[in-house]
Amino acid sequence: MNQTIHRPFVFLVDSPSHQDLFDGYSIGMALRDALRAIRIPCFYTLATSKVNIETTLLHRLPDAIRQMQPSHNINSIPFVHLCMHGADMGVGLTDHSFLAWIELRNLLLTHKMVKGHDPYICMASCNGFNATNMATAFDPAFSALIGNTGAVLQSDVTVAYLSFYNHLFFKMANLDQAVIAMRQASGDRNFYYTFGEQVKNQKFSEMQSQFVNNPWPNPQPSW
């Protein structure tokens, strides 16, 4: 029986500001180049609009997964790295269009159909931890989420994720150790991680508590 070979890689989706695009370089491009320089597999897509994002997550992501696992004994593990403007209710793109969390979650369903589980999401944005809002009481939306709970400098988020991936890919670190390395490398203590099942269970408990405190009225007979 062949042993399963796990092959992680970074699937980087970059939607930079107009100014960064005009200048010809972005922090997404910088991270792509750094990852490739240290031999971490990285698929890069510049996605400046909703159409680009949809094409990227619905088609390019499955293609990258298949490319990274050419045989049955190889298990590719994509880290979906989203480099864009973060907000409370979703993410902003280069062309100033807005992608709500539920829209992003729906696009990520393709990953679940291909891999059989929810994706690992790395939010390279301000308030990236708000992506927990993709999860519901019945849907975890992601296997794990890494992000910052506040505003974050472009330099810090770039250095943090380079350290994160270096620890995961080369130092056999777990998520906890890799996120601690992010904080140490960047000097920003607001990087956190969580698991989708944990968020789902928390929201389910909150929903149950609401029902206890505000039960539905018993229907009365009409006669």
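## Charges

In this predicted model, the chain carries 15 positive and 16 negative charges. Take the mean position of each set, and the two points lie 9 Å apart.

## Overall build

What radius of gyration does the chain have, and what would a compact globule with 223 residues have? The chain comes out at 19 Å, while the globule would be near 17 Å, so the two agree. If you'd rather think in terms of a box, the C-alpha atoms fill one of roughly 75 × 55 × 35 Å along the principal axes.

As for the building blocks, you'll find 7 helices and 9 strands in the chain. Contacts tell you how the chain comes back to itself: among those with a separation of 6 or more, 68% are between residues 24 or more positions apart.

## Inside and outside

How much of the chain is buried? Buried residues account for 48% of the 223. On the outside, the accessible surface adds up to about 11,700 Å². Carbon and sulfur atoms hold 55% of that surface.

## A small antiparallel sheet

Now for some strands. Strands of a sheet are held in pairs by backbone hydrogen bonds, and they can run parallel or antiparallel. Here, 3 strands make an open sheet, lined up as E4-E5-E6, with antiparallel pairing. The edges are strand E4 (85-86) and strand E6 (98-100), each of which pairs on one side only.

Look at strand E5 (residues 90-92) and you'll see 3 bridges linking it to E6, the two running antiparallel. To find a matching pair of residues, start at Val 91: opposite it, in E6, is Leu 99.

## Strand E7 and its parallel partners

Strand E7 covers residues 120-124. Why can we call E7 largely enclosed by the rest of the structure? Because 4 of its 5 residues are buried, and buried here means under 20% relative accessible area.

E7 pairs with strand E3 (residues 74-83), which runs parallel to E7 and is joined to it by 5 bridges. One spot to look for is Val 80, whose bridge partner in E7 is Ile 121.

E7 also pairs with strand E8 (residues 144-148), again in the parallel sense, this time over 3 bridges. Which residue of E8 is the bridge partner of Cys 122? That's Ile 146. So, to trace these pairings by eye, go from Val 80 to Ile 121, then from Cys 122 to Ile 146.

Note on methods:
Residues numbered from 1 in each chain as written. Predicted model: local features only at pLDDT ≥ 70, side-chain atom pairs only at ≥ 80, totals over all residues. Heavy atoms only, no water. Rg over C-alpha atoms; globule rule 2.2 N^0.38 Å. Buried < 20%, exposed > 50% of the residue type's maximum accessible area, 1.4 Å probe, protein only. Contact = heavy atoms within 4.5 Å. Areas by Shrake-Rupley, 256 points an atom, 1.4 Å probe, with all protein chains shown as cover. Lys, Arg positive; Asp, Glu negative; His and termini not counted. Charge placed at Lys NZ, Arg CZ, Asp CG, Glu CD. Pairing = 2+ DSSP bridges.
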